[in-house]
Amino acid sequence: MKTATRPEPRPEQRPRPTEPRPRAPQARNDRGLRGRLRSVRKWNVPAGVASLVWLVIVGLPLYVLVLTTLRDRDAYFDEGSLALPGDLTLDNYRKVLESDFFTYLLNTAIVTVATAAIVIVLSVGVGYTVVRTLSRTSQRIFQFFLLGLAIPAQAVIIPIYLLITQMNLYDSLLAIILPTAAFCLPVCVLILAGTMRDIEEEMYESMALEGASQTRVLLQLVIPLSRGGISTVGVYSALQAWNNFLFPLILTQSRESRVLTLGLYDYVGQFRVDIPALLAAVVLSIVPIFVVYLFARRQLVNGLMGAGGR
Amino acid sequence: MGRPGIAWAVPGVLFFVLFAVGPMALVVYLSFTSWDGLGAFPSVSGTGNWERLFDDPTMRQAVWLSIVLTAASWLIQTPIALLLGVWSAGRQKNRAVLSAIFFLPLLASSVALALLWKSLLDPNFGLIAEIGPWFGLEDGNLLGSGRGAMAAVAFVAAWQFIPFHTLLYQGGARQIPKSFYEAASIDGAGTVRQFFSITLPQLRNTIVTSSVLMVVGALTFFDTVLILTEGGPGTDTTIVPYLMYETGFQAYDMGYASAVATVLVVVATAISLLMVRVSGFSSMRSTREGM
């Protein structure tokens, strides 16, 4: 489970990415500067070697992954996973796309959007109360949500299964959406309460002077000024929904309500020894998030970390 | 001036109670039933599940394996994530490029990664069949032995989660004031010395956060075990969450599985409380001050 932690420093606090440090050289003792440069250079060798080792540990599996998906099944079994392939083929991807991949993708998209929408609406309400209401009860509410921070879904999956079957929701997308959203709430309330606390008291006062209602304060002040937090909450819950496996595994059954993660698991049986096709499905499942990573890296990372973005 | 009432929070609270807190109470109730997963709402049947729990060698083994996995995860992931995080906090071009690659595993679901590693660790055709011999693993059958399978689970967990913790440490390291290092280098402290006397103490809170998340994560590690080892060989990688799943959803002994799950609830709540206590989340006034 991912939880809110320190926020990334805001851009204006950051030193510019240019090196060396922005301090002018003559501003400091020449020997000190050279000494530091020397020590930096000395350190860089082991760090550089270690980072290359890590590059192999991370990169080699990913390289084999992509390479395997481009190979013919027989070539993979004959030549082994490391051999340079003779003929590259997109056949494996075609195989996956011709199966129920798009059904799974559509289901996952529905689950993801619905979960994010529910979480945003509910956690904005809770956050607003926790930050703006001075009563003891609202503090209790906050602590109540915090308690839920580390409740693992596995621990309560049996009663949730009971609940969902009693509600006649078993094997529907709603069966996945509702518990997934509930389990996102603690982190999201924490993020939004943090963001909303940064809104200046004076701004509330000036809205109060204009005689604005609580609803108007929420819509015209709190929500616009918490956009960063709300986008983090949205991305966080969307990722939780996108990657969730346990709830779909336990709470759905049929092909019609199968989401992508469960679909991948199902491909193990379907493709059996056709490892290249299975891995092509794995790659295809990563592609959507990868595209988001390319275009909205900061928001994605904030959402991954559950950090309060602003 | 007017302040909002509690009403705004009611829908969120009700929803959370229904699908998260309520089930927590319900799992305790279910642990006193012998529900088989079918039919009407089960009624209490006694303390049989709990008596069995304390006598069950599989449960004892599962608890032990969970502790081993948690400890191994912490020992492997913390030093690597810490060093990588501090390293990637630097703003050099090469570090930025390499970091972008290092963070790639974050983009995949645990199911996708488990399937990837299952095929890489296949003793006949996987990557391990080719590079295993370099590391003294002649037949490449890591998943065939109990210890090997456990090592594989810990390794895949590390591969999957180190990027996340690296990001935590990167964020932490970037918040250490530059002036600390400048002062230290004027005093003639080398980089190693600076790491131990500035970076490490300054990252204290990040280490706590990251460790708590690692522990909770390892306690609930499930998807990967299901796909990679199915708890085997035998029961050699049957950690507590997997035992709960197997008992509940494969053997349909929901009552006993609920007792196992209750143990998880208790441990997780204890850690949750500890987390709130240590981090001071509840007294936090703004995101900028937190932790």
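These legends describe close-up views of a predicted model with chains A and B.

**View 1. Chain A is built from helices, with zero strands.**
Chain A has 14 helices. Read from the N terminus, its elements run α-α-α-α-α-α-α-α-α-α-α-α-α-α. The chain holds 310 residues, and 53% of them count as buried. Its accessible surface comes to about 14000 Å². Carbon and sulfur atoms hold 60% of that surface. Contacts in chain A often span the sequence: among those between residues at least 6 apart, 75% join residues at least 24 apart.

**View 2. Chain B has helices and zero strands.**
Chain B has 13 helices. Along the sequence the pattern is α-α-α-α-α-α-α-α-α-α-α-α-α. Of its 291 residues, 56% count as buried. Chain B exposes about 12000 Å², with 65% supplied by carbon and sulfur atoms. For contacts with a separation of 6 or more, residues 24 or more positions apart account for 65%.

**View 3. Chain A meets chain B across about 10400 Å² of buried area.**
Carbon and sulfur atoms give 74% of the area buried between the two chains. Helix 1 of chain A, residues 30–69, supplies the largest share of the side that touches chain B, with 16 residues. That side of chain A divides into 78 nonpolar, 26 polar and 18 charged residues. In total, 122 residues of chain A are in contact with 109 residues of chain B.

**View 4. Polar pairs at the interface of chain A and chain B.**
Two residue pairs are in polar contact across this interface, both at pLDDT 80 or more. The count of salt bridges between chain A and chain B is zero. Charged residues are nevertheless present: 18 of them lie on the side of chain A that touches chain B.

**View 5. B:Glu230 sits in a loop with a positive phi.**
The loop runs between helix 11 (223–228) and helix 12 (240–250) of chain B. Phi at B:Glu230 is about 50°, although this residue is not a glycine. Most residues other than glycine have a negative phi. Is the residue buried or exposed? B:Glu230 counts as exposed because its relative accessibility is 52%, and the cut-off for exposed is over 50%.

**View 6. B:Tyr252 is another loop residue with a positive phi.**
B:Tyr252 lies between helix 12 and helix 13 (254–279) of chain B. Its phi is about 55°, and it is not a glycine. The relative accessible area of B:Tyr252 is 42%, so this residue is partly exposed. That class covers values between the buried limit of 20% and the exposed limit of 50%.

**View 7. B:Gly171 is placed within helix 7 of chain B.**
Helix 7 covers residues 146–174. B:Gly171 has a relative accessible area of 7%, so it counts as buried; the class requires under 20%. Which distance separates B:Gly171 from B:Val86 in space? From C-alpha to C-alpha they are 8.8 Å apart. In sequence, 85 residues separate B:Gly171 and B:Val86.

Conventions
Residues are numbered from 1 along each chain as its sequence is written. Chains are lettered from A and ligands numbered from 1 in the order in which they are written. This is a predicted model: local features need pLDDT of at least 70, side-chain atom pairs count only at pLDDT 80 or more; totals for chains, interfaces and linings use all residues. Side-chain values use heavy atoms; hydrogens and water are left out. Helices (H or I, at least four residues) and strands (E, at least two) are DSSP runs, numbered from the N terminus. Buried means under 20% relative accessible area, exposed over 50%, partly exposed in between (1.4 Å probe, protein chains only). Contact means heavy atoms within 4.5 Å. Accessible areas come from the Shrake-Rupley method with a 1.4 Å probe; for residues, only the protein chains shown count as cover. Buried area is the accessible area (1.4 Å probe) that two parts lose on being put together, summed over both. A salt bridge is a side-chain nitrogen of Lys or Arg within 4 Å of a carboxyl oxygen of Asp or Glu. A polar contact is a pair of N or O atoms within 3.5 Å; within protein, one must be able to donate a hydrogen and the other to accept it, and residues adjacent in sequence count only if both atoms are side-chain atoms. Ala, Val, Leu, Ile, Met, Phe, Trp, Tyr, Cys and Pro count as nonpolar, Asp, Glu, Lys and Arg as charged, and the others, Gly among them, as polar.
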